[in-house]
Amino acid sequence: MATVSTNEMKAGTKVLIDGDPYSVIDNEYRKPGKGQATNTLKIRNLKTGRVLEKTLKSGDSWEVADVEDMDMQYLYNDGEFWTFMDPKTFDQIQAGKAAMAEAAQWLKGEETVRVTLWNEVPLIVYAPNTVELVVTETDPGLRGDTATGGTKPAKLETGAVVKVPLFINEGEKIKVDTRTGEYLSRVGK
Amino acid sequence: MIRETADWRPSASIETLRARAQLLAAIRAFFREREILEVQTPVLSRHATVDRHIESFVVSSPDHEARITDHGFLQTSPEFAMKRLLAAGSGPIWQIAPVFRCEEQGRHHNPEFTMLEWYRPGFDHHRLMNEVEALLRRCGAPQAMPEFGWRRYSYREAFETFAGFDPFALDAAALRERLAARGIAEPESLAADEIASRDFWLDLWMSHVVAAQLGADAPAFVYDFPASQAALARVRDEEPPVAERFELFWRGLELANGFHELTDAAEQQRRFEADRQWRRTHGRAVPPYDATLIAALQAGLPSCAGVALGIDRLLMLLSGAERLADVLAFAADRA
């Protein structure tokens with residue numbers, strides 16, 4: 001069993017606590033000059049996304065989680081599973097709904113995505129930071145109204161709904177930030 | 001954030017390194033004006049600190065047949081050698097020295113750092129606090145309000161003000177309970193003797209709650225620590241007894257630690273031996289304590305106060321940097 005000690009834990013270190021994989025976000029070392037040292041670890045549960053803080057005595061350790069990040073190509077979704085391919089080995093793996101919670105609404109196929117694997121099973125799939133998608137449903141655009149800053153909902157080809165400026169029309173392609181779900185710009189034809 | 005391992009560039013900007021040079025020059029001028037003697041003492045020693053919570057780097061010769069004199073410890077502070085100079089009649093002395101502490105690594109820690117340390121025969125800890133304040137104001141540290149000096153809290157007042165209780169009145173169980181009630185997660189995998197140790201819980205209170213609130217505007221002193229945290233300070237026989245020790249905090253960060261120094265050789269030896277015993281039972285390294293310091297105390301250390309101040313942290317706070325690495329030419333990951 002590989003372990004990692006408090007002084008080796010860095011942002012991104014993957015650890016196993018009570019059977020769940022966590023990623024270290026921040027490691028705060030505290031020590032009175034002549035007293036007990038502690039490390040306060042801010043960690044994210046990679047299954048639930050919940051962030052919590054734990055304190056360890058400096059020098060204590062946690063088990064290392066067998067977690068790795070891989071860039072993979074999204075192939076298709078059969079309604080139950082999403083299938084991804086390792087572009088180097090052409091190995092295919094399938095991710096279930098839980099791993100796709102954030103990413104599913106942004107993917108249409110062929111994108112390269114970051115997949116976090118735990119014991120070789122997809123734990124989380126991250127959509128690319130920005131995606132370009134076609135608007136399939138929205139209220140008619142208001143020509144010339146490019147400055148009022150008003151917004152309206154628009155449905156995209158993947159099913160995601162985002163707020164867009166009033167001048168956007170159905171059939172137009174837009175760029176969206178998947179981390180915030182915000183409209184960024186119109187994509188030229 | 002994962003750093004590249006082969007980054008050759010400095011951790012600090014060249015502008016910050018200029019500020020470092022200016023700071024060192026200002027310190028040197030301060031001590032020259034006061035006619036305090038600058039000294040240099042060995043960085044590598046045959047002895048080491050036996051402080052329970054400070055680990056020394058061990059330096060050994062690559063030759064396995066090496067004589068024992070080829071094996072030593074990097075200093076964690078120049079304290080012992082400087083006291084031997086005082087016992088030899090040096091009068092007031094100061095130095096800036098590199099010091100090394102194993103495993104101390106973080107936003108505000110680097111295993112190698114720079115210590116300013118000085119000793120004042122005839123001073124007690126309060127008088128030395130005056131001088132620490134004078135030096136740091138000279139170097140650009142702020143005043144809280146003109147005409148008033150920096151806040152000075154006794155250890156008890158600091159806890160009463162920032163933790164809401166008298167630290168001398170509570171036992172380990174009560175300190176632990178209150179920490180949990182405060183929402184501070186206690187460390188995992190505690191040993192029975194840690195759970196039963198008042199100092200263990202007081203340290204957590206200090207580093208997680210009290211210190212974090214100290215010196216928000218201008219630096220603040222804490223003095224008269226529990227006798228159980230005397231380190232190398234003399235203990236004043238009151239009820240409860242207190243150690244004549246002080247620390248300086250600025251924006252929640254510990255900047256300096258000073259003592260009205262213990263001069264009693266027998267008491268010093270007892271503390272060294274107790275610390276070694278503690279280390280032995282806790283599975284820590286048990287280096288030889290500095291018998292030459294005991295001999296110097298037996299010969300006679302003049303009554304004095306001394307203080308050690310972290311130059312890198314001072315520079316970090318003066319320059320508004322967020323991380324210690326930002327003021328080091330090369331932090332440990334690039335050293």
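Start with helices α8 and α9 of chain B: select residues 265–281 for α8(B) and residues 291–300 for α9(B). Keep in mind that this is a predicted model. Their axes cross at roughly 160° and come within 8 Å. Angles over 145 degrees count as roughly antiparallel, so that is what α8(B) and α9(B) are to each other. The crossing is right-handed.

Now show the side chains where these two helices touch. From α8(B), pick B:Ala265, B:Gln268 and B:Gln269; from α9(B), pick B:Ile294, B:Leu297 and B:Gln298. Colour them by class and you get three nonpolar, three polar and no charged residues.

Stay on α9(B) and add residues 79–87 of chain B, which form helix α2. How do the axes of α2(B) and α9(B) cross? They do so at roughly 25°, coming within 9 Å, and the two helices are therefore roughly parallel. This crossing is left-handed.

For this contact, light up B:Phe80, B:Lys83, B:Arg84 and B:Ala87 on α2(B). Across from them, on α9(B), choose B:Thr292, B:Leu293, B:Ala296, B:Ala299 and B:Gly300. Here the mix is five nonpolar, two polar and two charged.

Last stop: bring chain A into view. Here 26 residues of chain B are in contact with 23 residues of chain A. On the chain B side, select α7 (198–213) and β11 (253–260), the elements that give two or more residues. The largest share, six residues, comes from α7(B). Colour that whole side of chain B by class and you'll find nine nonpolar, nine polar and eight charged residues.

Conventions. Residues are numbered from 1 along each chain as its sequence is written. Chains are lettered from A and ligands numbered from 1 in the order in which they are written. This is a predicted model: local features need pLDDT of at least 70, side-chain atom pairs count only at pLDDT 80 or more; totals for chains, interfaces and linings use all residues. Axes are lines fitted to C-alpha atoms, for helices over the stretch in contact, and angles run from 0 to 180 degrees between N-to-C directions. Helices (H or I, at least four residues) and strands (E, at least two) are DSSP runs, numbered from the N terminus. Angles under 35 degrees count as roughly parallel, over 145 as roughly antiparallel, 65 to 115 as roughly perpendicular and the rest as oblique. A crossing is left-handed if the near helix is turned anticlockwise from the far one by less than a right angle, and right-handed if clockwise. Two residues are in contact if their C-beta atoms, placed from the backbone, lie within 7 Å. Ala, Val, Leu, Ile, Met, Phe, Trp, Tyr, Cys and Pro count as nonpolar, Asp, Glu, Lys and Arg as charged, and the others, Gly among them, as polar.
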